[in-house]
Amino acid sequence: MGLASLFRRKPRLSEEPDRTITVDFHSHLLPGIDDGAKTVEDSIELIRELQYQGIKKIITTPHILGDLYPNNPETIRAAEAKVQSRLKEEGIDMEFHPAAEYYLDEYFLSLLERGDELMLFDDKTILIETNYVEKPEYLEQTIFDMTIDGYTVILAHPERYHYLIGQHKRIEKLFDTGVKFQVNLISFTGKYSPQIKQTADFIANNEMIHYLGSDIHHMGHARLITEFKRSERYQELMELPIMNNSLTA
Ligand SMILES: [Fe+2]
């Protein structure tokens, strides 16, 4: 390798002419409040990598999960303020908003029942996840009830739940409830597992995919996605009617 190529700048993903996603709305970038970024420095490093991938707007989604990550609008906004001021100090041009990833459990149902403030985007759009092993028996009923109440419900990474992996009929049935599917970019790399990749491919190839998310927790995830975005498979996905870019905070 000659000297010239050693110093050649990496092509910026954002300069590539192909269609790409400019809005990412599933990540764990707020410092110290879940299993994602630990410090503001981590947050900034991850945000810079997303910017490098061509992301212009981030809606970050810390876990809200009963006793494990008992976040609420106050804890989330306090952590957001730290990131916002550091973004300003460093002159990073990134639209950055907080929302949340709600774990579907009794605690979440009690929030709904009490009418507590929820961290939403697009007015009444909400990101939920479920237990990875067992399907909550009230999943469909909750989606139905929330839809009646005017919510748009997005299910995070359906391809990762054991009760859906390889279960094509069950996936189609769930899709028919009107819930929106957000598949993780990393699932297409096969790094979680070959079965999760196959399930992600099934969802995408049958056009049941509404959104793509990074679900970034740390730099390992971020780098995997940077690499994936250079692949032909990513460009194929960009031919699908993915709706990320129309989401507002
Ligand atoms: Fe997540």
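Let's start with burial. Of the 249 residues in this protein, 37% are buried. Keep in mind that this is a predicted model.

Now the overall build. The protein has nine helices and nine strands. Its radius of gyration is 18 Å, and the globule rule gives 18 Å for 249 residues, so the protein is as compact as a globular protein of that length. Along the principal axes, the C-alpha trace spans about 60 × 40 × 30 Å.

How much of the contact map comes from residues 24 or more positions apart? Take the contacts with a separation of 6 or more: 78% of them join such residues.

Next, the sheet of six strands. This sheet is open, and its pairing is parallel. Read across, the order is β3, β5, β6, β7, β8, β9. Which strands stand at the edges? They are β3, residues 63–64, and β9, residues 211–213. Each has a single partner strand, so one side of each has no neighbour in the sheet.

Step inward to β6 and β7. Strand β6 covers residues 125–129 and pairs with β7 in parallel, over four bridges. Look for T125: it stands opposite T152 in β7. How does the chain get from one strand to the other? Between them comes helix α5, residues 139–148, and β6, α5 and β7 form a right-handed β-α-β unit. The next step has the chain leaving β7, passing through helix α6, residues 168–175, and arriving at β8; that β-α-β crossover is right-handed.

Stay with β7 and β8. Strand β7 is residues 152–156, β8 is residues 180–184, and three bridges join the two, which run parallel. Two positions are worth finding on screen. L155 has F181 of β8 as its bridge partner. A156 stands opposite Q182 in β8. Is β7 mostly covered or uncovered? Mostly covered: four of its five residues are buried.

On to the core. The largest nonpolar core holds 57 residues. Which members touch the most others? Y102 and I128 do. Set aside residues up to four places away in sequence, and Y102 touches I64, F108, I126, L127 and I128. So much for the core.

Now the strands β1, β2 and β4. Strand β1 pairs with β2, residues 57–60, in the parallel sense over two bridges. V23 has K57 in β2 as its bridge partner. Here too we find a right-handed β-α-β unit, made of β1, α2 and β2. Strand β2 also pairs with β4, residues 95–98, again parallel, over four bridges. T60 is matched with P98 in β4.

Last stop: F25. Where does this residue sit? F25 lies in the loop between β1, residues 23–24, and α2, residues 40–52. Why does F25 count as buried? The reason is its 28 C-beta neighbours inside 10 Å, because 20 or more is the cut-off for a buried residue. Leave out neighbours within four places in sequence, and the contacts of F25 are I59, T61, A99, F121, G213, N244 and L247. Pick out G213 from that list. F25 and G213 are 188 residues apart along the chain, yet their C-alpha atoms are separated by 6.3 Å.

Terms used. Residues numbered from 1 in each chain as written. Predicted model: local features only at pLDDT ≥ 70, side-chain atom pairs only at ≥ 80, totals over all residues. Rg over C-alpha atoms; globule rule 2.2 N^0.38 Å. Buried ≥ 20, exposed ≤ 12 C-beta atoms within 10 Å, placed from the backbone. Contact = placed C-beta atoms within 7 Å. Pairing = 2+ DSSP bridges. Right-handed = clockwise from strand over helix to strand, strands pointing away. Core = buried A, V, L, I, M, F, W, Y, C linked by C-beta atoms within 7 Å.
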